[in-house]
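Please look over the structure shown here together with its sequence. The paragraphs that follow begin with one side chain and then widen the view step by step.

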Amino acid sequence: MMALPNTLDSAASAGTALGNFLRGMERRAALLAELQCGDQSHGDRALAAAIESFALQAPGLPQDSWPLQFWTILLQTPVLNTEPVAPYWNGDFASLARLDFGTRAVLLLRVVAGLDDALASAVFGVDPAEFRQALQRALPQREDGTLDGEAWLALNDEARFVIKHMPPERVAAIARLRDSAVAATLVEAPARGAQAGKV
């Protein structure tokens with residue numbers, strides 16, 4: 001049977017890694033979820049569900065697969081896929097309203113999550129070339145159908161600004177989601193280890 005101290009040490013190490021990973025993702029994930037559905041509270045509920053689901057799966061996965069798993073879980077979260085009653089995008093995000101759910105997600109994985117073509121295409125389960133084509137269709141356009149470079153830059157700048165200057169109360173709420181998920185992992189990991197040691 002596995003020694004309990006080793007199990008506890010392993011759980012603590014996994015909890016630290018998980019907490020650090022989520023800390024690096026959570027602001028971008030919160031904004032992506034909000035912009036994907038056009039409603040902050042709806043997006044935050046989706047984020048909470050995604051963090052909880054990811055935290056349960058992460059300890060059994062290689063850490064280099066965590067980014068793919070996390071963004072995939074977030075975009076597939078049922079809460080996020082249920083449209084809010086009155087979705088809304090303002091300012092430099094207004095152009096997102098013209099996009100359907102999938103195309104908007106393609107754009108947000110680049111602008112907000114900052115994923116490269118290889119990782120973003122893996123989230124969708126498509127070839128990188130197919131992802132690039134979808135991204136091209138999602139870019140802001142002028143009335144004549146040409147790329148609106150100024151709108152594209154404004155979209156990127158606004159996303160970076162919002163992520164950096166997210167209100168402290170929202171940051172604290174997201175941190176509580178993360179800490180709760182990590183704590184649940186620390187509670188369950190020793191139990192799983194003890195159970196495995198009996199086999």
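In this predicted model, the side chains of Arg23 and Asn20 form a polar contact at 2.9 Å. Arg23 belongs to helix H1. With a relative accessible area of 44%, Arg23 is partly exposed, because that class lies between the 20% limit for buried residues and the 50% limit for exposed ones. Arg23 can also be located with respect to a remote part of the sequence: Ile174 is 151 residues away along the chain, yet the two C-alpha atoms are 9.2 Å apart in space.

Helix H1 also contains Glu26. Is Glu26 buried or exposed? Its relative accessible area is 6%, so Glu26 counts as buried, the limit being under 20%. The side chain of Glu26 makes a polar contact of 2.7 Å with the side chain of Arg178. When residues up to four places away in sequence are set aside, Glu26 touches Leu47, Ile174, Ala175 and Arg178. Ile174 thus appears a second time: it is touched by Glu26, and its C-alpha atom is 9.2 Å from that of Arg23.

The view may now be widened to the whole protein. The secondary structure consists of eight helices and zero strands, and the pattern along the sequence is accordingly written α-α-α-α-α-α-α-α. Of the 199 residues, 41% count as buried. If one takes the contacts between residues at least 6 apart in sequence, 72% of them join residues at least 24 apart.

What, then, makes up the largest nonpolar core? This core has 54 residues, and those touching the most other members are Leu32, Phe54, Phe70, Trp71, Leu107, Leu109 and Val112. At least two core residues are supplied by each of the helices H1 (4–37), H2 (40–57), H3 (66–76), H4, H5 (117–124), H6 (128–138), H7 and H8 (168–197). Helix H1 gives the largest share, twelve residues. Phe54 illustrates how such a residue is surrounded: apart from neighbours within four places in sequence, Phe54 is in contact with Leu18, Phe21, Leu22, Trp66, Gln69, Phe70 and Ile73.

Leu107, another of these core members, leads to a pair of helices. Helix H4 (residues 101–111) packs against helix H7 (residues 149–164) at an angle of about 65°, and their axes are 10 Å apart. The crossing of H4 and H7 is right-handed. On the side of H4, the contact is made by Leu107, Arg110 and Val111, while H7 contributes Trp152, Leu155, Asn156 and Ala159. Sorted by class, these are five nonpolar residues, one polar residue and one charged residue.

Helix H4 also holds Ala105. Ala105 has a relative accessible area of 3% and is therefore buried. Beyond its neighbours within four places in sequence, Ala105 is in contact with Gln36, Leu75 and Phe124. The C-alpha atom of Ala105 is separated by 9.4 Å from that of Leu135, a residue 30 places away along the chain.

A last example comes from outside the helices. Thr77 is found in the loop between H3 and H4. Where does its accessible area place Thr77, among the buried or the exposed residues? The value is 5%, and Thr77 is therefore buried. Not counting residues up to four places away in sequence, Thr77 touches Ala46, Ala49 and Ala50.

Technical notes:
Residues numbered from 1 in each chain as written. Predicted model: local features only at pLDDT ≥ 70, side-chain atom pairs only at ≥ 80, totals over all residues. Heavy atoms only, no water. Axes fitted to C-alpha atoms, helices over the stretch in contact; angles between N-to-C directions. Helix = DSSP H or I, 4+ residues; strand = E, 2+ residues; numbered from the N terminus. Left-handed = near helix turned anticlockwise from the far one by under 90°. Contact = heavy atoms within 4.5 Å. Nonpolar A, V, L, I, M, F, W, Y, C, P; charged D, E, K, R; others polar. Core = buried A, V, L, I, M, F, W, Y, C linked by side-chain atoms within 4.5 Å. Buried < 20%, exposed > 50% of the residue type's maximum accessible area, 1.4 Å probe, protein only. Polar contact = N/O pair within 3.5 Å; in protein donor to acceptor, adjacent residues only side chain to side chain.
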